[in-house]
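Work through the exercises below with the sequence and the 3D structure at hand. Each task is followed by a solution in steps.

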Amino acid sequence: MSGFALRRAAQSLVVLLGVSLAVFALVHLVPGDPVRLALGTRFDQATYDALRERAGLDQPLPAQYLQWIGGAVRGDLGVSFRSGEPVTALILERLPATLSLALGSIVVALLIAVPLGTASALRPRSAVDGLGTVVSQIGISVPEFWMGIMLILLFAGTLGWFPAGGYVPFARDPAGWLHSLVLPAVTTGLVSGSVLTRFTRSSVLEALSAEHVRTARAKGLGPRAVLSWHVLRNAMLPLVTVTGVQLAYLLSGVVVVEIVFAWPGLGQLALQAVEARDYPLLQGAVLLFAVVFLLLNLGVDLLYGRLDPRIAA
Amino acid sequence: MSAPVLEVADLRVRLETPRGPAHVVDGLDYAVGAGETVAIVGESGSGKSVSVLALLGLLPASATVTGTASFGGRDLLAMSEAELRGVRGNGIGMVFQDPMTSLNPVLSVGRQLTEGLLAHGVVTGRAAARARAADLLADVGLPDPRGALERYPHELSGGMRQRVVIAIALAGEPRLLVADEATTALDVTVQAQIVDLVTRLQAEHGTAVVWITHDLGVVAGIADRVLVMYGGRCVEDGGVDDVFDAPAHPYTRGLLGALPARVDAQRGPGRRAPDLVAIAGTPPPPTELPRGCVFWPRCPVRGDVRCETEQPPLVRVGGTDPRPHRAATFYGREIP
């Protein structure tokens with residue numbers, strides 16, 4: 001690993017430590033007693049104390065933090081207040097659904113953004129550019145849940161092409177998995193794709209005006225070679241960064257879409273944890289989102305170093 | 001002079017701008033003989049770069065180019081994009097101003113050199129292309145040419161990058177090399193090295209060179225002929241000695257007066273050096289060219305009634321017949 005990669009990895013660790021502190025503090029600052037909530041309205045003091053002790057809530061906060069973070073390093077995020085199951089298992093159970101949705105969405109987003117953004121940049125103020133602007137404006141301004149409901153009404157209801165919701169694990173039925181993925185992935189992909197379309201357009205425009213593009217044309221290269229190696233290859237650099245951020249956002253659970261499509265992902269899980277004041281589960285989920293974000297950023301930076309020789313040096 | 005490599009006649013370039021059409025090049029004629037160096041000089045915005053970019057179809061699509069440009073018996077301006085592609089980097093090589101920006105920062109030097117070779121079928125196969133690329137880099141004086149193939153532009157100095165750009169331009173063994181302000185962005189010592197390099201390569205390969213510059217020192221050193229552009233028009237052209245010794249156009253006289261080396265040469269013993277003369281005013285914007293002589297608004301000797309209303313024709317003021325010295329002014333002495 002190069003010095004650049006090591007430096008970035010070390011930075012990520014420091015940030016992660018900060019994030020874990022913030023997550024812990026935030027959850028404990030929120031008013032409401034999780035034990036009381038978990039027990040319902042009728043309980044005796046002995047049960048209450050026992051549960052508090054079992055959850056470690058009777059210890060001072062610094063000790064609780066150390067215990068939590070010490071466990072987290074070993075993959076033990078504690079036990080859910082609500083269900084009594086280990087948090088790690090609950091999260092792992094939800095991970096495939098979220099991963100499927102995030103990757104599906106980013107594929108849809110890139111399939112929209114790269115061709116449409118590039119075409120818009122190649123012919124500014126043309127019909128294609130106008131279409132790109134309208135499509136991305138719609139994608140950015142229309143709420144995801146509404147888009148999802150409209151897609152369900154049209155493609156699941158009227159046409160009956162895709163299921164209205166639910167997740168089919170890939171391992172059980174790959175075709176069913178893809179079938180169930182289409183509508184939710186298109187819903188979130190349209191939104192991400194709209195952002196990425198605008199971004200692709202401006203990066204390609206900028207790359208097009210670079211002087212080395214003129215050099216490439218002066219060499220006698222064909223339009224395809226100029227576009228792919230001297231325009232898109234360079235425009236890709238900023239796009240990689242934004243795609244990474246979009247992917248991290250998608251992986252952190254798209255709560256609204258998951259609910260619209262009854263998609264058993266991490267977003268749903270996190271929402272349930274908030275509602276139930278399920279501290280261990282909430283902390284685990286938020287910590288995981290932070291790790292995902294940091295890992296993706298780290299990955300993007302390392303990829304960037306490979307794509308842009310000026311950085312890795 | 002044998003048949004010219006490039007013969008440009010009545011070249012006009014019009015760009016559409018928000019403030020109306022801009023006549024960036026407004027009727028330009030010139031010829032470049034085999035192995036000859038022609039310098040096109042002028043201030044920024046005089047249309048000198050546009051006048052060569054137009055030949056290769058490298059201007060934005062909104063530009064309207066008319067006239068003829070005969071290269072190897074064919075009219076470049078009548079060619080399709082595909083035909084032009086066969087000329088670019090093959091018959092005509094181009095070197096651009098700033099080697100910091102004219103190379104792609106994310107592709108290796110080898111990649112940028114070989115893609116042209118492969119596109120034109122100069123060589124076939126990666127290995128042959130790399131071998132040829134290394135030869136080209138050695139030819140332009142890059143130390144460790146094989147190693148340099150793996151380097152990226154940011155790892156090279158400005159002078160080395162410009163050598164790479166020259167190697168790219170020469171990859172197709174062009175009959176004509178166009179150097180567009182090729183030394184402007186470089187350090188003075190590096191400028192001299194690049195000028196020497198191009199002169200040497202020209203002698204070795206018999207390449208004709210069009211050297212676009214505003215550096216009259218370079219022109220005096222390397223050019224056979226010089227063409228002075230102002231406001232999109234040629235105001236004076238001729239053999240470099242004719243023009244430098246007896247500039248006929250007030251603009252050329254102004255330019256030469258603004259050249260430190262000339263000022264030095266005029267300084268005699270015991271005499272105070274005259275001040276460097278700058279030409280007052282700025283060139284006209286190409287959207288608002290004057291009706292008469294383009295230089296009229298800034299001309300120090302204007303006064304002829306025709307200056308303001310009539311374009312002075314380019315007439316012979318000296319030189320000998322195959323290489324006349326011509327100027328477009330009412331203040332030159334016309335030699336019929």
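**Exercise 1.** State how helix 5 and helix 13 of chain A are oriented to each other, and give the reason.

Solution. Helix 5 (residues 87–122) and helix 13 (residues 279–307) of chain A have axes that come within 9 Å and cross at roughly 50°. Axes are lines fitted to C-alpha atoms over the stretch in contact, and angles run from 0 to 180 degrees between N-to-C directions. Helices are DSSP runs (H or I, at least four residues) and strands likewise (E, at least two), numbered from the N terminus. Angles under 35 degrees count as roughly parallel, over 145 as roughly antiparallel, 65 to 115 as roughly perpendicular and the rest as oblique. Helix 5 and helix 13 of chain A are therefore oblique to each other.

The model is predicted: local features need pLDDT of at least 70 and side-chain atom pairs pLDDT 80 or more, while totals for chains, interfaces and linings use all residues. Residues are numbered from 1 along each chain as its sequence is written, and chains are lettered from A and ligands numbered from 1 in the order in which they are written.

**Exercise 2.** Decide whether Glu288(B) is buried or exposed.

Solution. Glu288(B) lies in the loop between helix 11 (260–266) and strand 11 (315–320) of chain B. A residue is buried if 20 or more other C-beta atoms, placed from the backbone, lie within 10 Å of its own, exposed if 12 or fewer, and partly exposed in between. Glu288(B) has 10 other C-beta atoms within 10 Å, so Glu288(B) is exposed. Of the 336 residues of chain B, 46% count as buried.
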